[in-house]
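Good morning, and thank you for coming. Please look at the sequence and the structure as they appear, and I shall then guide you through them.

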Amino acid sequence: MPHSYTIPPQDANRRLDRFLFAYLREAPHPLLYKLLRKKRVKLNGARAEGNETLNEGDTLDFYLSPETLASLRGTRNIPLAAALTGIIYEDEHLLILNKPAGLPSHGGVSMASGENNDHLLARVLYYLYESGSYDPSAAFTPALCNRLDVNTSGLVVCGKTLHMLQTCAALFAGGGFDKEYLAVVEGKLEGEATLTGEYFKDEERNTARIVIRDAHLMGSSKEAVTKYKSLATTDRHSLLLVRPVTGRSHQIRAHLASIGHPLAGDVKYGGYRTSYTPAQLLHAYRLTLSDASEAERFPAPASWTAPPPHKFRRFIQECFHININKI
């Protein structure tokens, strides 16, 4: 008798071969296609090619011994992680978080300590596992739909189901979310403006550079578009509400530095250190769905706000004498 598996809602709309890559995670890809050719894996009782789109309720039959199936599936261990804090919103499909400054969005390699096991995604997965929202044996793994620089705080969206992950990733890529950041920059910057320029990324140094020029002079590089509005100023600093139209890496930091107003604390891009925080004063403050066609997939109103970190709020109150809650 074959082992049968019914496609759950979180795996609907997924290509069969991509589902199998995740479900039989220990199997080399050539082996998976060989199993399909030899009809060792069938979709709804019929031969499958691998390019079919799965629907909720579809049945996969695996003509493999229990021992072979278990070895191909493997196990995914969820390591113990620090407590997940800053939950702004959660339902069965969506998790929206206020990431603290200093915490990476994803894991990576640290020159000082090797593998970095404390990152936002690790905390998310352990939280979902502990709450029963995530089964490590499932083919789908929840993931972040956007990411912030290590030292940038604020709103990060996690898709708890494949469909929500795909929906949010497409919205971020296509401008379907209106993103608003709070930023403190060096110098006095008044009014509001839309900045455009050519974007260049130095992957080796992990820095970006934006050259301000007219559209007809643009070369073959990527375009960066950033809007800002000044909320308050002193002789030394300005508080801005920033809306990145495009979503390039380090875009806000590089764009404001390119006009002579780097972020306060952002030493990499020319800012001065502050006594409030060792890194840039940049916070992903508000996220609003701007694509009305997707409104039914989100709770109404589809807008979320994350309070800035305590030291960030202190800087704003002591430097500009304004209440952040009234912005």
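**Helix α6 and its surroundings**

I begin with helix α6, in what is a predicted model. The buried residues of α6 are covered by elements that include β11 (177-186), β12, β13, β14 (222-233), β15 and β16. Which residues of α6 are buried? They are Q251, I252, R253, A254, H255 and L256. Because 6 of the 8 residues of α6 are buried, this helix is largely enclosed by the rest of the structure.

Within α6, I would draw your attention to R253. This arginine has a relative accessible area of 7%, and a residue counts as buried under 20%, so R253 is buried. What does R253 contact, once its neighbours within four places in sequence are left aside? The residues in contact with R253 are D149, L263, D266, K268, Y269, Q280 and L282.

Let us consider both ends of this helix. Ahead of α6 (251-258), in the loop that comes after β15 (237-244), is H250. The phi of H250 is positive, about 60°, although this residue is not a glycine. H250 has a relative accessibility of 7% and therefore counts as buried. On the other side, α6 is followed by G260, and the phi of G260 is also positive, near 85°.

**The chain as a whole**

Let me now step back to the complete chain. How many helices and strands does the protein chain have? Its secondary structure comes to 7 helices and 17 strands. Along the principal axes, the C-alpha atoms fill a box of roughly 75 × 45 × 45 Å. The protein chain has 327 residues, and 46% of them are buried.

As for contacts, consider those between residues at least 6 apart in sequence: 64% of these join residues at least 24 apart. The surface that the chain exposes is about 16500 Å², and carbon and sulfur atoms supply 49% of that area. There are 38 positive and 34 negative charges, and the mean positions of the two sets are 3 Å apart.

**Helix α4**

I turn next to helix α4, which covers residues 120-131. Its 12 residues, at 1.5 Å a residue, should span 16 Å, and the end C-alpha atoms are 16 Å apart, so the expected and modelled spans agree. The buried residues of α4 are L120, L121, A122, R123, V124, L125, Y126 and L128. Against what do these buried residues pack? Their partners are β5 (87-90), β6 (94-99), β9 (143-144) and β10 (153-159). After α4 comes G132, with a positive phi near 85°.

**Helix α7 and F320**

Helix α7 is made up of residues 310-320, and F320 lies in it. With a relative accessible area of 8%, F320 is buried. Not counting residues up to four places away in sequence, F320 touches V184, A232, T233, T234, H237, S238, L239 and F315. F320 and A22 are 298 residues apart along the chain, and their C-alpha atoms are separated by 51 Å.

**Cysteines**

How many disulfides does a search of the whole structure find? The search finds 0. C145 offers one case to examine. Why is C145 not bonded to C168, which has the closest cysteine sulfur? The two sulfur atoms are 4.4 Å apart, whereas a disulfide requires them to be within 2.5 Å, so the distance is too far for a bond. C145 has 12% relative accessibility and so counts as buried.

**Two loops with notable backbone angles**

I close with two loops. In the loop between β12 (192-202) and β13 (207-211) we find N206. N206 is not a glycine, yet its phi is positive, about 55°. Is N206 buried or partly exposed? Its relative accessible area is 35%, and therefore N206 is partly exposed.

The other loop runs between β16 (282-289) and β17 (303-305), and P301 lies there. The peptide bond that joins A300 and P301 is cis, with omega at about -10°.

To recapitulate the helix with which we began, α6 is largely enclosed by the rest of the structure, and R253 is among its buried residues. Thank you for your attention.

Notes. Residues numbered from 1 in each chain as written. Predicted model: local features only at pLDDT ≥ 70, side-chain atom pairs only at ≥ 80, totals over all residues. Heavy atoms only, no water. Helix = DSSP H or I, 4+ residues; strand = E, 2+ residues; numbered from the N terminus. Buried < 20%, exposed > 50% of the residue type's maximum accessible area, 1.4 Å probe, protein only. Contact = heavy atoms within 4.5 Å. Areas by Shrake-Rupley, 256 points an atom, 1.4 Å probe, with all protein chains shown as cover. Lys, Arg positive; Asp, Glu negative; His and termini not counted. Charge placed at Lys NZ, Arg CZ, Asp CG, Glu CD. Expected span 1.5 Å × (residues − 1).
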